[in-house]
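Good morning, and thank you for coming. I would ask you to look at the model on the screen while I go through some of its features.

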Amino acid sequence: MKRTTWSNKEAVLGVTGSIAAYKACELASRLTELGVKVTPVLTESAAQLVGPASFEGITGQRAVTGMFEPLQNPEIEHIAVATRADLFLIAPATANVLAKAAHGMANDWLSTTLLATRAPILFAPAMNTNMYTHPATQANIATLRARGCHFVGPDNGRLACKTVGPGRLIDPGIILETALILMHSKKDLAGKRVLITSGGTHEPMDPVRYIGNRSSGKMGRALAFEALLRGASVSVVSGPCEAEMPHGADVIHAETAREMAVAVAEQLPSADVFVAAAAVADYRPAELSAGKRKRTGEAISITLEENPDILAGAGSQRRDGQVIVGFAAETSDAVAEGRRKLERKGAQILVANRVGAAGSGFGAEQLEAWLLDDSGRADELGRVRKDTVAQMVFDAVAERLP
Ligand code: PMT
């Protein structure tokens, strides 16, 4: 099983003179942890705000701070780096660096190398709101976008200058994910629409109580991110859960199985791939009490009625070329139960997974899983990370797409 590796990737992390420059240390650290070779480049003003030594310690690479440094290492000679890099990430990006890049200026290492590279360029702007909304900055952003540069953020919020508005550096986690999507070379889902259900459902009994389950949405999140890495456009119908979906996925919130069914029915006709990872309640309370149910001192019984089966509905309407993937969470006989569900629900691929053991399944980082398909395949994946499961699922999906 070949996992995505980032250790053959190289990124230039350009840090410019915004007060948010310290947040670039987290980016450098997370990219390096994944195995990406990071060349930190600090403009003169950035180096006043954060020490180059911090970036050197984090990345293990020499930080570039000037064009004509003594003992220049040929490894970081700007044309060589510009040619080798898989990505130029400028975070934080000030109004000044955007203006220089838009006008093709080349008066320091970073701006010179930005002209020389043909790698994707990602800017994460951070500056005062008035500077960001100024027509000059907006025109520079429009020029750079038109030339194919990418942008992430900025966020709205409280800025260091005590104003509130757009200009805050967007969360480093979001910058990291956007950078990884740009660096990922396998784009076998480009042009495809992937629809995913994720999380659990809440089936209300009264205004304050519901029947629910332990799904965290982590599996759905891993699937959404893998599909984005591989170039798909991604919609997630998410039940209530803790996991936040990756930036770039279109998220539709649904609380109950019936709401989820409606959202899926709207999205399904335009989806090339449907992955049902949600733990959908099979039953809901037949009556919704208008007020909070009171304690009676006696046992009570609640009548449950069946919810729509979203996956089976999609399977019965599947159009030619569409690929449908189901999941089955089982406490025993995962493979046999999974195969029954695959057939009954009309899926082509199904991930059977054993739940109930500590460290895998609901809420965990791993899944003990088998990958089944309608040709009889039953691959034991073992206990693997959810991002590995997602990778295996889309490998199997890609083989079937027209
Ligand atoms: O969210 P996590 O904490 O990361 O956990 C991940 C997971 C354990 C929830 C996930 O790996 C998983 O197994 N999801 C399916 C859970 C499940 O309860 O399956 P099921 O056996 O009830 O349903 C089988 C399939 O039918 C599933 O694809 C399910 O989404 C779908 N289904 C079920 C009932 C229903 N009314 N509509 C459906 O679409």
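Which atom of the ligand lies 2.6 Å from a backbone N or O atom of A278? The answer is an oxygen atom of the ligand. Please keep in mind that this is a predicted model.

Let us stay with the ligand. The residue before A278 in our discussion, A277, also takes part through its backbone: a polar backbone atom of A277 is 3.0 Å from a nitrogen atom of the ligand. K345, by contrast, uses its side chain, where an N or O atom is 2.9 Å from an oxygen atom of the ligand. The protein covers 96% of the 770 Å² of accessible area that the ligand has on its own.

Where does the ligand sit? The space that the ligand takes is the second largest pocket. Two or more residues of the shell around the ligand come from each of α10 (218–229), α12 (310–316), β16 (323–330) and α13 (334–345). Of these, β16 gives the largest share, with 4 residues.

There are 27 residues around the ligand, and those that come nearest are S215, S216, A278, K341 and G363. A278 therefore deserves a second look on your screen. By character, the shell divides into 15 nonpolar, 6 polar and 6 charged residues.

Next to β16, in terms of topic, comes a point about the backbone. The loop between β16 and α13 holds D333. D333 is not a glycine, and yet its phi is positive, at about 45°.

I now turn to a sheet. It is an open sheet of 5 strands, paired in parallel, and its order is β2-β1-β3-β4-β5. Which strands form the edges? They are β2 (37–42) and β5 (150–151), each of which pairs on one side only. Further in, β3 (residues 87–93) and β4 (residues 121–125) pair in the parallel sense over 4 bridges. As one example of a bridge, L89 has L122 in β4 as its partner.

Strand β3 also contains P92. The peptide bond from A91 to P92 is cis, with omega near -5°. Another cis peptide bond joins G153 and P154, with omega at about 5°. P154 is placed in the loop between β5 and β6 (155–158).

To close, I would ask you to find two places on the screen: the backbone of A278, with an N or O atom 2.6 Å from a ligand oxygen, and the cis bond from A91 to P92. Thank you.

Terms used:
Residues numbered from 1 in each chain as written. Predicted model: local features only at pLDDT ≥ 70, side-chain atom pairs only at ≥ 80, totals over all residues. Heavy atoms only, no water. Near = heavy atom within 4 Å. Polar contact = N/O pair within 3.5 Å; in protein donor to acceptor, adjacent residues only side chain to side chain. Areas by Shrake-Rupley, 256 points an atom, 1.4 Å probe, with all protein chains shown as cover. 1 Å grid on protein atoms, 1.4 Å probe; cavity = no way out; pocket = protein on both sides within 12 Å on 5 of 7 lines; lining within 4 Å. Sits in = over half its atoms within 2 Å of the grid points. Nonpolar A, V, L, I, M, F, W, Y, C, P; charged D, E, K, R; others polar. Pairing = 2+ DSSP bridges.
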